[in-house]
Amino acid sequence: MYPNYEVIRNEKKCINCNLCLNQCSNEVFYYENEELCSDDSKCVNCHRCVELCPKRALKIVKSDHVYKDNNYWTKDDLEDIYRQANSGGILLSSMGNPQKYPIYWDKMVINASQVTNPSIDPLREPMETKTFLGKKSANIKRDKYGKIITTQPPQLKLSVPIMFAAMSYGALSYNSHESLARAATELDILYNTGEGGLHKNLYKYGKNTVVQVASGRFGVHKDYLEAGVAIEIKMGQGAKPGIGGHLPGKKIIGDISKTRMIPEGSDAISPAPHHDIYSIEDLRQLVYSLKEATDYKKPIIVKIAAVHNVSAIASGIARSGADIISIDGFRGGTGATPTRIRDNVGIPIEMALASVDQRLREEGIRHTVSLIASGGIRNSADIVKALALGADAVYIGTSAMLALGCHMCRSCHQGNCNWGLATQNPELTKRLSIEQGYKNLVNLVRAWEHEITDMMGGMGINSIEALKGNRLMLRGIDLNEKELQILGIKYVGE
Ligand code: SF4
Ligand code: SF4
């Protein structure tokens, strides 16, 4: 098939320094008859060569090669069929769903105070961005002397309602993981191990770590469970609802094999279901086994993909004893997933979050769980909208990856990430400096924190707690009655 991209080199500007040749892990560049050439078919448009070229002599353009016009059978449809007719296999992709479904974040606008209920200047007045996740008491309780009992079930404290989403060591490089761990520690927030276990060097970041227990149970042992401040049971994820995971044996090397506790070279296959969970009662057993194993000191998070009936599922999870529910929408990223699943299964986080929050309120059990929203959080405005729709915090995955240097070439599944993130090739992993990676993550979260307090101040709100579930702060635009009803918001002008 004709390549999707073309590498254009300006020969007048090029000084033949060979940097592009040496930097490209996809081996796009080569010499022929002493002339620097490029094999466009290998280019994934990761921009490594473009950004590093000292003379700005390179650009990547989309190929203008076309098939005969057809409004139904698109170029992608044709090429996917050619690929599968050739390979006989399923198509794999990385990152989140890129299809043209509605983006509900962009169909909601945020309120600001005018005249009455004056706005607050966040530069001059205190703004509280701290938040706590976990079960809360329904009523104020007092001891026999009338004093309020303030003890709560175990809580997670976040300086700002942002957490780094689960991304496993193995899918990501060691340097990526340590960057996330250091940034979470500096920011006083949390990062998440994902399903690949916890490298022994990262135990020191335990106070800012969520450890994950997924269906493959890789790297799960007593010390691991003790290491983090919370345990997340992964039932599903937005990028691949209903299916398991697969890290190929060629990536299971060295420390990854030790951390996952599986032999080098063996495929790490996470089954689609947990083989001991087929009901809410079964889930409850795992929730309480993990609580028991850690002396009831750590909140248990249950992560699910946003799917049909998500509110009924969440209601069951709240009743299973879980302290926090994490809901991952269909824009959620991943290192590898079948393309058809990524692009067609699941629902948007905006709708899922609003319907779960509403249902838990109607059932009178909202206080028994906190909600974390994830799956395509792109900026601070998305976070403010998520909080107003009922989230207690958000997970960011793709945004964190972008801060680390990802250029969204969406070829993580090939294992050759030129930016050193989604790869285990030692020549590539060293391209990400932990020092730089963690600083970029800290900068991103700090910048978003400033923007969140600006927006809160504009609304006349001075604490995250007052923003949570405050749907009066949102109005819908370009939405139909049903969408407004599910989101629980009014139309602009109302
Ligand atoms: S990096 Fe730029 S200047 Fe160096 S060889 Fe490649 S195109 Fe030429
Ligand atoms: S992590 Fe690397 S391979 Fe994956 S999309 Fe980003 S730049 Fe591409």
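# A walk through the predicted model

Four bridges tie strand 11 to strand 12, and the two run parallel. That's a handy place to start in this model, which is predicted. Within the pair, Val211 sits opposite Ile231 of strand 12. Strand 12 covers residues 230-234, and five of its five residues are buried, so the rest of the structure largely encloses it. Ala230, Glu232 and Lys234 point one way from the strand, while Ile231 and Ile233 point the other way, and all are buried. If that back-and-forth looks familiar, it should: in a regular strand the side chains alternate between the two faces of the sheet.

On its other flank, strand 11 (residues 209-213) is joined to strand 10 by two bridges, again running parallel. Here Tyr191 has Thr209 of strand 11 as its bridge partner. Now zoom out. These strands belong to an open sheet of eight, in the order 9-19-18-16-15-12-11-10, with parallel pairing. Which strands stand at the edges? They are strand 9 (162-164) and strand 10 (191-192); each has a single partner strand, so one side of each is left without a neighbour in the sheet.

Next, have a look at helix 8, residues 310-319. Seven of its 10 residues are buried, so this helix too is largely enclosed by the rest of the structure. The buried ones are Val310, Ser311, Ile313, Ala314, Ser315, Ile317 and Ala318. What do they pack against? Two of the elements are strands, strand 15 (300-305) and strand 16 (324-328), and the others are helix 7 (280-293) and helix 10 (349-362). Strand 15 and strand 16 also appear in the order of the eight-stranded sheet. After helix 8 comes Gly321, with a positive phi near 105 degrees.

For a contrast with those buried residues, try Ser279, in the loop between strand 14 (268-270) and helix 7. Is Ser279 buried or exposed? It counts as exposed, because it has just 10 C-beta neighbours inside 10 Å, and 12 or fewer is the cut-off for that label. Ser279 is 160 residues away from Lys439 in sequence, and their C-alpha atoms are 43 Å apart in space.

Now for the interior. In soluble globular proteins, nonpolar side chains tend to be buried together. Here the largest nonpolar core has 130 residues, and those with the most contacts inside it are Ile327, Leu353 and Val394. Helix 14 (residues 434-459) supplies the largest share of this core, with nine residues. The core also draws at least three residues from each of domain 1 (5-89) and domain 2 (131-491). To see one of the best-connected members up close, click on Leu353: setting aside neighbours within four places in sequence, Leu353 touches Ile327, Leu371, Ala373, Ala386, Leu389, Gly390 and Ala391.

So much for what the domains share; how do they sit? The chain is divided into domain 1 (5-89) and domain 2 (131-491), and their centres, taken over C-alpha atoms, are 35 Å apart. Nine residues of domain 1 and eight residues of domain 2 make up the contact. On the domain 1 side, that surface divides into three nonpolar, five polar and one charged residue.

There are two ligands to visit. Ligand 1 is surrounded by 14 residues, and the closest are Cys14, Cys17, Leu19, Cys20 and Cys53. By class, this shell has 10 nonpolar, two polar and two charged residues. Around ligand 2 there are 15 residues, the closest being Cys406, Cys409, Cys412, Cys417 and Ala422. This second shell divides into 11 nonpolar, three polar and one charged.

Two smaller pieces round off the tour. Strand 2 (residues 29-32) and strand 3 (residues 35-38) pair in the antiparallel sense over four bridges, with Glu32 partnered by Glu35 of strand 3. The two strands form a hairpin with two residues between them, and Asn33 in the turn has a positive phi of about 50 degrees.

Finally, three strands form an open sheet in the order 6-20-21, with mixed pairing. Strand 6 (108-110) and strand 21 (490-491) stand at its edges with a single partner strand each, so one side of each has no neighbour in the sheet. Strand 20 (residues 474-476) is joined to strand 21 by two bridges, running parallel, and Arg475 has Lys490 of strand 21 as its bridge partner.

Terms used. Residues numbered from 1 in each chain as written. Chains lettered and ligands numbered in written order. Predicted model: local features only at pLDDT ≥ 70, side-chain atom pairs only at ≥ 80, totals over all residues. Near = placed C-beta within 6 Å. Nonpolar A, V, L, I, M, F, W, Y, C, P; charged D, E, K, R; others polar. Core = buried A, V, L, I, M, F, W, Y, C linked by C-beta atoms within 7 Å. Buried ≥ 20, exposed ≤ 12 C-beta atoms within 10 Å, placed from the backbone. Domains from an automatic or database assignment. Contact = placed C-beta atoms within 7 Å. Pairing = 2+ DSSP bridges.
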